[in-house]
Amino acid sequence: MSNFEPRIDFEESWNYVEKRIKKVLDNLECLPNTHLSSEDNIMIYTDIYNMGFMHNSFVYDKYKEVIYDYIISTVLPSLEGKKDEVLLRELLRRWSNHKTMTNCLSKFFLHLELKYIPRTILPSLQETSFLSFYNLVYDRLHTQVMDAILAMIDRKLVGDAIDGTLVNNILVFYSEIGEKTRKEEPKQFAETMMMKANETFYMHVEASD
């Protein structure tokens, strides 16, 4: 068997897997006809498992590529042009979808987690996925999101009604992405904003007395 033949087998298998993974991603967007049967799920896992015996590094790269392409083609366009509370709500929706996607894909690629990644210095499948969100979404939107949170807190300070649940959920997002990527900056920002929000609350209460 030539060295060329396994590559063709890999590409053919990956094309099959990729089409079905796309249905998983389309399902996150609530598109029609995106349901996968139990048999489909088993076939995806089996094909990835079989590809991993000869192409672990390629399969890992494909995992990263799927996540990268989804963020670039779907997540970022959904956030572009949005601002203030609309941006915050869409970011939370995208983060929720991303966590769901990560859990799903990690199961399909479980062979990498068990057999390949432990022999390398690569991050886990989940950490790889969350780092992609951090690098492609968080880094790009952090300033806008920060400004939106501060604007809401300032509005609260002057007595305007704000969606406190939205602020809390965004700060939870910062804590979560910091925890999942082992980045300190988001967690520190969340703690700082939580303190500011609490100070604003108590200042508003005292002013009302």
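Here a colleague and a modeller talk through a predicted model of one protein chain.

Colleague: Let's begin with the overall fold. How many helices and strands does the protein chain have?

Modeller: The protein chain has seven helices and zero strands. Along the sequence, that gives the pattern α-α-α-α-α-α-α.

Colleague: Good to know! What share of the residues is buried?

Modeller: Of the 209 residues in the protein chain, 40% are buried.

Colleague: Now for the aromatic rings. Why is the pair of Trp 95 and Phe 130 called tilted?

Modeller: Two values settle it. The ring centres are 5.4 Å apart, and the cut-off for a pair is 6.5 Å. The planes meet at 50°, whereas stacked needs under 30 degrees and edge-to-face over 60, so the pair is tilted.

Colleague: What makes this pair a tie between parts that are apart in sequence?

Modeller: Trp 95 belongs to helix H3 (residues 84-108) and Phe 130 to helix H5 (residues 125-157), so their pairing links parts 35 residues apart in sequence.

Colleague: And how do you know whether Trp 95 and Phe 130 are buried or exposed?

Modeller: Buried means under 20% relative accessible area. Trp 95 has 2%, so Trp 95 is buried. Phe 130 has 3%, so Phe 130 is buried as well.

Colleague: Which kind of pair do Phe 173 and Tyr 174 form, and why?

Modeller: Their ring centres lie 5.5 Å apart with the planes at 80°. Edge-to-face takes an angle over 60 degrees, so this pair is edge-to-face. Phe 173, at 2% relative accessible area, is buried, and Tyr 174 is buried at 0%.

Colleague: Where do these rings belong in a wider picture?

Modeller: Trp 95, Phe 130, Phe 173 and Tyr 174 are among the members of one aromatic cluster, which also includes Phe 133, Tyr 134, Tyr 138 and Phe 189. The count of aromatic pairs comes to 13.

Colleague: Let's turn to the surface. Which residues make the nonpolar patch?

Modeller: Tyr 49, Phe 53 and Met 54 make a nonpolar surface patch of about 350 Å². Met 54 sits in helix H2 (residues 38-79).

Colleague: Why is Met 54 called exposed?

Modeller: The cut-off for exposed is over 50%, and Met 54 reaches 59%, so Met 54 is exposed.

Colleague: Last topic, the cysteines. How many disulfides are there?

Modeller: The search of the whole structure finds zero. Cys 30, at 68% relative accessibility, is over 50% and therefore exposed. Cys 104 has 26%, which falls between 20% and 50%, so Cys 104 is partly exposed.

Methods
Residues are numbered from 1 along each chain as its sequence is written. This is a predicted model: local features need pLDDT of at least 70, side-chain atom pairs count only at pLDDT 80 or more; totals for chains, interfaces and linings use all residues. Side-chain values use heavy atoms; hydrogens and water are left out. Rings of Phe, Tyr and Trp (its six-membered ring) pair if their centres lie within 6.5 Å; planes under 30 degrees apart count as stacked, over 60 as edge-to-face and the rest as tilted. Helices (H or I, at least four residues) and strands (E, at least two) are DSSP runs, numbered from the N terminus. Buried means under 20% relative accessible area, exposed over 50%, partly exposed in between (1.4 Å probe, protein chains only). Patches are made of residues with over 30% relative accessible area and no salt bridge: like charges are joined within 9 Å, nonpolar side chains (Val, Leu, Ile, Met, Phe, Trp, Tyr) within 5 Å. Accessible areas come from the Shrake-Rupley method with a 1.4 Å probe; for residues, only the protein chains shown count as cover. A salt bridge is a side-chain nitrogen of Lys or Arg within 4 Å of a carboxyl oxygen of Asp or Glu. A disulfide is a pair of cysteine sulfur atoms within 2.5 Å.
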